[in-house]
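I opened this notebook to keep track of what I looked up, one topic to an entry. The sequence and the structure go in first, and my entries follow.

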Amino acid sequence: MKNFHYLPTILVAATVTLLSVVRQPNVAVGEVIDKFNIDKLLHLLIYAFLMLVATYDTKRAGHTLDIKTLTAVSVSVIAFGGVIELIQNYFCSYRTGSWYDFLFNTLGVLTALLITKFIHHKDEN
C-alpha cells in the first residue's frame, strides 16, 4: 500500500469532479436565495473535507506538515477548485463557473487549514 498514500484524496477529488459536472435539477425562483446559501455552504464543506483528506494523506505519506507543505497542498486544492469552475464555465452547457463558488471553495481550504493547525498544535503538546 506504500504507493497508494493519496488514493483517498484521488477518490474524493474524482467524486467532487463528478458532482461538479452533473446536471442539477431546476429550482423555482422563490428558492434561489435559499439555494444560493446552501450551495455556498456545500462548496465550503466539500473543499474543507478535500483539504483535510489531502493533508492527512500528505502526512501519512511521511511529509512534515510545515508551512511549505501546507502551502503546496492548499494551492493544489485551490487550483483544483479553479479548474473545476473553468470546466463548468467552458465545457458544461448546463453549468456555469462562478467566482462565488471559487471563493467558497477557497474559504473551505482555509477553514481546513485552521482545523489542521488546531489539531496539529494539540498533537505537539
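What should the 25 residues of helix 3 (residues 67-91) span at 1.5 Å a residue, and how far apart are the end C-alpha atoms of the helix? I worked out an expected span of 36 Å and found the end C-alpha atoms 35 Å apart, so the two values agree.

**Entry: the model and its confidence**

I note at the outset that this is a predicted model. The mean pLDDT of the protein chain is 88, and 85% of its residues reach 70 or more. When I went through the elements, helix 3 came out with the highest mean pLDDT, 96, and helix 2 with the lowest, 89. I keep a caution beside these values: where pLDDT is low, the predicted coordinates should not be read in detail.

**Entry: the chain as a whole**

I counted four helices and zero strands in the protein chain, and reading along the sequence gave me the pattern α-α-α-α. Of the 125 residues, 31% count as buried, while the accessible surface of the chain comes to about 8500 Å², with 70% of that surface belonging to carbon and sulfur atoms. I then looked at contacts between residues at least 6 apart in sequence, and found that 75% of them join residues at least 24 apart.

**Entry: the buried residues of helix 3**

Going back to helix 3, I listed its buried residues, which include Thr69, Leu70, Val73, Ser74 and Val77, and also Gly81, Gly82, Ile84, Glu85 and Gln88. Two of these, Leu70 and Val73, came up again when I looked at Thr55, since both are in contact with Thr55.

**Entry: Thr55**

I placed Thr55 in helix 2 (residues 32-60), and because its relative accessibility is 4%, Thr55 counts as buried. A polar atom of the Thr55 side chain lies 2.8 Å from the backbone oxygen of Met51. Leaving aside the neighbours within four places in sequence, I found Thr55 in contact with Leu65, Leu70, Val73 and Thr116.

**Entry: salt bridges**

How many salt bridges does the count come to? I arrived at three. As background, side chains of opposite charge can pair when their charged atoms come close.

I took Asp39 and Lys40 to begin with, which form a salt bridge with the closest N and O atoms 2.7 Å apart; both of these residues are buried. Lys40 also meets Asp101 in a salt bridge, at 2.3 Å from N to O. Since Lys40 lies in helix 2 and Asp101 in helix 4 (residues 99-124), this pair ties together parts that are 61 residues apart in sequence. Is Asp101 buried or exposed? With a relative accessibility of 7%, Asp101 counts as buried, and Lys40 is buried with a relative accessible area of 7%.

The remaining pair on my page is Arg60 and Asp57, whose closest N and O atoms are 3.5 Å apart. These two are three residues apart in helix 2, so about one helical turn separates them. I noted that Arg60 counts as partly exposed at 37% relative accessibility, whereas Asp57 counts as buried at 0%. Tracing shared partners, I found that salt bridges join Asp39, Lys40 and Asp101 into one network.

**Entry: Ser98**

Where is Ser98 found? I located Ser98 in the loop between helix 3 and helix 4. A polar atom of the Ser98 side chain lies 3.1 Å from the backbone nitrogen of Tyr100. Beyond the neighbours within four places in sequence, Ser98 is in contact with Lys40 and Glu85; I had already met Lys40 in the salt-bridge network and Glu85 among the buried residues of helix 3.

**Entry: two exposed residues**

Lys117 lies in helix 4, and at 55% relative accessibility Lys117 counts as exposed. I checked Lys117 against Leu65, and the two are 52 residues apart in sequence and 9.1 Å apart in space, C-alpha to C-alpha.

Tyr56 lies in helix 2 and counts as exposed at 53% relative accessibility. I checked Tyr56 against Pro8 as well, and this pair is 48 residues apart in sequence, with 9.4 Å between the C-alpha atoms.

Terms used. Residues are numbered from 1 along each chain as its sequence is written. This is a predicted model: local features need pLDDT of at least 70, side-chain atom pairs count only at pLDDT 80 or more; totals for chains, interfaces and linings use all residues. Side-chain values use heavy atoms; hydrogens and water are left out. Buried means under 20% relative accessible area, exposed over 50%, partly exposed in between (1.4 Å probe, protein chains only). A polar contact is a pair of N or O atoms within 3.5 Å; within protein, one must be able to donate a hydrogen and the other to accept it, and residues adjacent in sequence count only if both atoms are side-chain atoms. Contact means heavy atoms within 4.5 Å. The expected span of a helix is 1.5 Å times one less than its number of residues. pLDDT is the predictor's confidence in each residue, from 0 to 100. Accessible areas come from the Shrake-Rupley method with a 1.4 Å probe; for residues, only the protein chains shown count as cover. A salt bridge is a side-chain nitrogen of Lys or Arg within 4 Å of a carboxyl oxygen of Asp or Glu.
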